Amino acid sequence: MNSRLFNWCFKKSIWVYHANAGACNGCDIEILDVLTPYYDVERFGIRIVHTPRHADALLVTGPVTRQVRERLLRLYEATPEPKLVIAVGSCATGGGIWYDSYATCGGVKNVLPVDIHIPGCPPKPEAIVYGVAQALGMVPKQVQAQTYIEE
Amino acid sequence: MFKHTISELKEALVCLQAGQVTLAYPLQPHPAEENFRGKPVVDFERCIGCGACAKVCPPRLIQLTDADGYREVSYTLGRCTYCGSCRDVCPAQAVQMSPLFETATPQIEDINISIRLKLLTCRECGETIATQRMAKRVENALHEAGYSHTENVNLCLSCKRKLGLNSPAWIQEVTR
Amino acid sequence: MNLQQVSLDLFYTLIFPGFLFTAIVGLLLTWVDRKITAVVQSRIGPPWYQPFADVGKLMAKKMVAPSGSSIGFFIAPLISVAGVALASALVFRALINPQAGFVGDVIVLLYLMTLPALALIIGGASSRSPFGAIGASREMSMVLAYEVGFLLSIIAVIIQSKSIQFSGIIAYQAAHGAIAFSVSGFLALCIALLCVQAKLGFLPFDISEADTELIGGPLAEYSGSGLALFKISRAMMFFQLPAFVALLFLGANQLTLLSLIGLALKLLAVLALLILIKITHARLRLDQMLRLFWGRLAVVGLIAVVLAMVGW
């Protein structure tokens, strides 16, 4: 009963910390848009906090540049368990245009264990809300890999 | 500070007139606007495997690999920047930018697309020329332009040159 | 000092009207705060169970303490909750059972109500983080500022009602009408409301816990159950401080149902006023706040005390 109660509490109350790991700020502006009354994520219990110690989820944007990689690892370690890592934007999910650059690590998945990827350049605020709702189990996943073989 | 207080309280009461502006998303769908460039989708019947999209893609996420008699066109859409260049250059209008933006997933491999098309080999030397669909497209274009001799479409370039050297009558007919 | 008396006292302190009752009602009042904020900002707010989910989630998370932090880091949340629980037990026991109070319990209440601020200072200073240190020093300056105004307004009430027992003040209001209807009482009410705004950490006086400036100030290094206890004590203060102001200034209350509903409405009105001021103001700088409390409100408080002595 205890763990079911705590699972319910985690689904209803997620506090996110926004970490910019070398992004161009496009995705950061879209994350700011999500916090406006138009999309109102507070009804799902989501709140922005300003220190990773209070956070349950890290919203990481940007391909992880070499300089920020160590600080991003320290942010991840400073967040208490249990935690989620959400990679927002094409740079965070796959490295974007800098996927093979000497200056980046090619996306967050090469640095931290990612729980949900939200592609987009930048992703619409609705796409970010959809991604976080999927992490909370509110909506199902819509994409799947497509393969076609001509016969 | 107190003059400010009264005016701010009046403003707060005015804001109440706006009512509630919140969208009901994600409990209700909220489609994207017109001309929105979402996830690229490929019409598998129209793609000819030419590789024009692979040449123009900025993050170079479209790869063409020839193996085992098949050409594989693979899109790793994790790093797509949604520029639309692949749609602009596709000669068969196979790639479209759909309005799909709900592409979040725990595994980023879930938005990959992979297309395998049969390759055409030279009837003389067996070298790979291109995909069979590209050859069909060239044949159709030649027929529409009025040329009836399209039997040499399945020869590679070196074999076509050798054919030209050995049969002057064929050259004369074409260049007349 | 028999077992029945001790267990009854423990019940009053921990269950009703002490810790558990005040915590539940206080968390519901934080929901009221968030809902009013949402309505003014033209959006839907969180559902009614949101504060309970927040506190439950914080209890389930691992608590991380910085290395080198002293024992004060762990004691501070407990001091905060204990102070507010005892204060609310005293206030509501005096309402329910007038003979249960003792002479001078208003003074004891004032001391108990400074314990949450002291706990913030201790917690911030012992968290071995520059944000905590700055937050603790700002909270110290703020406590020196708003306690002066609060004490002066309570002194005006005590002078007018000629009693330093909580039940005595309630009895005076039952006989002579609400204290807020007199000139000195009205001035004292305004000062007390502003001081309660500062005590609750509401804008424009949330200088020590500035989220975007100081990353939570004294709370920057707290996580898990420590943060949960601080949030619970803050929620309990939402209930206890407006109730204290309503009982002291806004008229008498007996134990009848009509009177209790009247008390609830008065509490909600005081809270709604504080929330409206919170939503519509920006944060003051520390020196602006000190000038406001020491320069202007203390002078108004002295005027209120003099008027109370004269009899107005």
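## A tour of chains C, A and B

Start at helix α3 of chain C, where the cover over the buried residues includes α1 (2-12) of chain A, together with α2 and α10 (225-249) of chain C. Keep in mind that this is a predicted model.

**Stop 1: helix α3 of chain C**

Select α3(C) and show its side chains. Which residues of α3(C) are buried? They are Gln50(C), Pro51(C), Ala53(C), Asp54(C), Val55(C), Lys57(C) and Leu58(C). Note that Asp54(C) and Lys57(C) are on that buried list. Now add α1 of chain A to the selection, since α1(A) is part of the cover.

**Stop 2: the side of chain C that touches chain A**

Widen the view to both chains. Here 26 residues of chain C are in contact with 17 residues of chain A. Which elements of chain C give two or more residues to this side? Select α3 (50-60) and α9 (211-214) of chain C. Helix α3(C) supplies the largest share, six residues. Colour the chain C side by residue class. You should find 10 nonpolar, nine polar and seven charged residues.

**Stop 3: two helices crossing in chain C**

Hide chain A. Select residues 19-40 of chain C, which form α2, and residues 257-279, which form α11. The angle between the axes and the distance between them describe two packed helices. What are those values for α2(C) and α11(C)? The two axes come within 10 Å and cross at roughly 50 degrees. An angle from 65 to 115 degrees would count as roughly perpendicular, and one under 35 as roughly parallel. The α2(C) and α11(C) pair is therefore oblique. Its crossing is right-handed.

Now show the residues that make the contact:

- From α2(C), pick Leu29(C), Val32(C), Asp33(C), Ile36(C), Thr37(C) and Val40(C).
- From α11(C), pick Leu271(C), Ala272(C), Ile275(C) and Ile279(C).

By class, the contact has eight nonpolar residues, one polar and one charged. Helix α2(C) has also appeared on this tour already, as part of the cover over the buried residues of α3(C).

**Stop 4: chain C as a whole**

Zoom out and switch to a cartoon of chain C. How many helices and strands does chain C have? Count 12 helices and zero strands. The radius of gyration of chain C is 19 Å, close to the 20 Å that the globule rule gives for 312 residues, so chain C is as compact as a globular protein of that length. Along its principal axes, the C-alpha trace spans about 55 × 50 × 45 Å. Of the 312 residues, 50% count as buried. Take the contacts in chain C between residues at least 6 apart in sequence: 81% of them join residues at least 24 apart.

**Stop 5: two cis peptide bonds**

Stay on chain C and select Leu203(C) and Pro204(C). The peptide bond between them is cis, with omega near -5 degrees. Pro204(C) sits in the loop between α8 (183-199) and α9 of chain C. Helix α9(C) is one of the elements at the side that touches chain A.

Bring chain A back and select Cys121(A) and Pro122(A). The bond from Cys121(A) to Pro122(A) is also cis. Its omega is near -10 degrees. Look for Pro122(A) in the loop between β5 (116-118) and α5 (125-135) of chain A.

**Stop 6: chain B as a whole**

Move to chain B and show it alone. It has six helices and six strands. Trace them along the sequence and the pattern reads α-β-α-β-β-α-β-β-β-α-α-α. What is the radius of gyration of chain B? It is 28 Å, where a compact globule of 176 residues would have a value near 16 Å. The C-alpha trace spans about 100 × 40 × 30 Å along its principal axes. Of the 176 residues of chain B, 23% count as buried. Among contacts in chain B with a separation of 6 or more, 64% are between residues 24 or more positions apart.

**Stop 7: two positive phi values in chain B**

Select Asn35(B), in the loop between α1 (2-15) and β1 (40-42) of chain B. Its phi is near 60 degrees, a positive value in a residue other than glycine. Is Asn35(B) buried or exposed? Asn35(B) counts as exposed because it has 8 C-beta neighbours inside 10 Å, and the cut-off for exposed is 12 or fewer.

Finish at Asp68(B), in the loop between β2 (62-67) and β3 (70-75) of chain B. Asp68(B) is not a glycine, yet has a positive phi of about 55 degrees. With 9 other C-beta atoms within 10 Å, Asp68(B) is exposed.

Definitions and conventions
Residues numbered from 1 in each chain as written. Chains lettered and ligands numbered in written order. Predicted model: local features only at pLDDT ≥ 70, side-chain atom pairs only at ≥ 80, totals over all residues. Helix = DSSP H or I, 4+ residues; strand = E, 2+ residues; numbered from the N terminus. Rg over C-alpha atoms; globule rule 2.2 N^0.38 Å. Buried ≥ 20, exposed ≤ 12 C-beta atoms within 10 Å, placed from the backbone. Contact = placed C-beta atoms within 7 Å. Nonpolar A, V, L, I, M, F, W, Y, C, P; charged D, E, K, R; others polar. Axes fitted to C-alpha atoms, helices over the stretch in contact; angles between N-to-C directions. Parallel < 35°, antiparallel > 145°, perpendicular 65-115°, else oblique. Left-handed = near helix turned anticlockwise from the far one by under 90°.
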